[in-house]
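Q: Please take a close look at one part of this model, the nonpolar core, and set it in the context of the rest of the chain. A plain account with residue numbers is enough.

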Amino acid sequence: MEKRNHKWSLHDVVKETPDAITIYFTTGDEGFSYLPGQFINVTADIEGTTITRSYSLSSSPREPNPSITVKRVAGGLMSNYLFQSATEIREWNIEGPFGSFVLGVDIPDHVDPTFTSYLNNSKTR
């Protein structure tokens with residue numbers, strides 16, 4: 001069984017829209033494998049309280065840097081914290097991957113990565 005607790009570092013933050021960012025992680029030498037549709041838990045200390053939130057992986061498992069896309073929510077403790085602090089967080093506390101709502105088949109190399117992202121996000125609609 002793969003290790004479920006990880007200490008990752010930040011690779012990049014991309015502002016997708018005024019209220020959505022994608023956070024790309026560096027996993028270091030430990031590696032990380034997952035299936036389209038799985039999610040991770042992100043834990044942070046915010047205002048003296050340990051907060052954990054689940055985020056679907058928005059990257060393809062073939063990409064070198066796993067990512068999550070975070071939508072800012074009015075009054076959302078974690079989403080607002082990540083918007084304000086993602087570029088300053090040195091060490092990310094990650095747990096996962098989790099989830100059994102997965103595609104269950106290999107995606108051929110010639111499939112557009114947008115399709116994989118669509119599959120990841122369509123389960124919540």
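A: What follows starts with the chain as a whole, turns to the core and its surroundings, and ends with some local details.

The model is a predicted one. Its protein chain contains six strands and two helices, and read from the N terminus the order of elements is β-β-β-β-β-α-β-α. Of the 125 residues in the protein chain, 36% are buried. When contacts between residues at least 6 apart in sequence are considered, 63% of them join residues at least 24 apart. The protein chain has an accessible surface of about 7,600 Å², and carbon and sulfur atoms account for 50% of this surface.

In soluble globular proteins, nonpolar side chains tend to be buried together. Here the largest nonpolar core consists of 22 residues, and Ile 23, Ile 40 and Trp 92 have the most contacts inside it. Two or more residues of this core come from each of strand S2 (20-26), S3, S4, strand S5 (67-71), helix H1 (77-85) and S6. The element that gives the most is S3, with four residues.

Ile 23 shows what surrounds one of these core residues. Setting aside neighbours within four places in sequence, Ile 23 touches Leu 10, Asp 12, Pro 66, Ser 67, Ile 68, Val 70, Leu 82, Ala 86 and Trp 92. Trp 92, in this list, is also named among the residues with the most contacts inside the core.

Helix H1 is the next piece. Its buried residues are Met 78, Ser 79, Asn 80, Leu 82, Phe 83 and Ser 85. An α-helix has 3.6 residues a turn, so residues three or four places apart point the same way. The cover over the buried residues of H1 includes S2, S3, S4, S5 and S6. Leu 82, one of the buried residues of H1, is also a contact of Ile 23.

A buried polar residue can be added to this picture. Ser 59 is located in the loop between S4 and S5. Ser 59 counts as buried because its relative accessibility is 1%, where the limit for buried is under 20%. The side chain of Ser 59 makes a polar contact of 2.6 Å with the side chain of Tyr 34. The Ser 59 side chain also reaches the backbone nitrogen of Ser 67, at 3.0 Å. Ser 67 appears again among the contacts of Ile 23.

Two exposed positions provide a contrast. Lys 15, in strand S1 (residues 5-17), is exposed because its relative accessible area is 60%, and the limit for exposed is over 50%. Outside the range of four places in sequence, Lys 15 touches Ala 20 and Ile 21. The C-alpha atoms of Lys 15 and Val 70 are 9.8 Å apart, with these positions 55 residues apart along the chain. Glu 47 is in the loop between strand S3 (39-46) and strand S4 (49-56), and at 72% relative accessibility Glu 47 is exposed.

The backbone has two local features to note. Most residues other than glycine have a negative phi, and most peptide bonds are trans. Glu 47, which is not a glycine, has a positive phi of about 55°. The peptide bond joining Gly 96 and Pro 97 is cis, with omega about 10°. Pro 97 belongs to strand S6 (residues 92-98), and S6 is among the elements that give two or more residues to the core.

Technical notes
Residues are numbered from 1 along each chain as its sequence is written. This is a predicted model: local features need pLDDT of at least 70, side-chain atom pairs count only at pLDDT 80 or more; totals for chains, interfaces and linings use all residues. Side-chain values use heavy atoms; hydrogens and water are left out. Buried means under 20% relative accessible area, exposed over 50%, partly exposed in between (1.4 Å probe, protein chains only). Contact means heavy atoms within 4.5 Å. A nonpolar core is a set of buried Ala, Val, Leu, Ile, Met, Phe, Trp, Tyr and Cys residues joined through side-chain atoms within 4.5 Å. A polar contact is a pair of N or O atoms within 3.5 Å; within protein, one must be able to donate a hydrogen and the other to accept it, and residues adjacent in sequence count only if both atoms are side-chain atoms. Accessible areas come from the Shrake-Rupley method with a 1.4 Å probe; for residues, only the protein chains shown count as cover.
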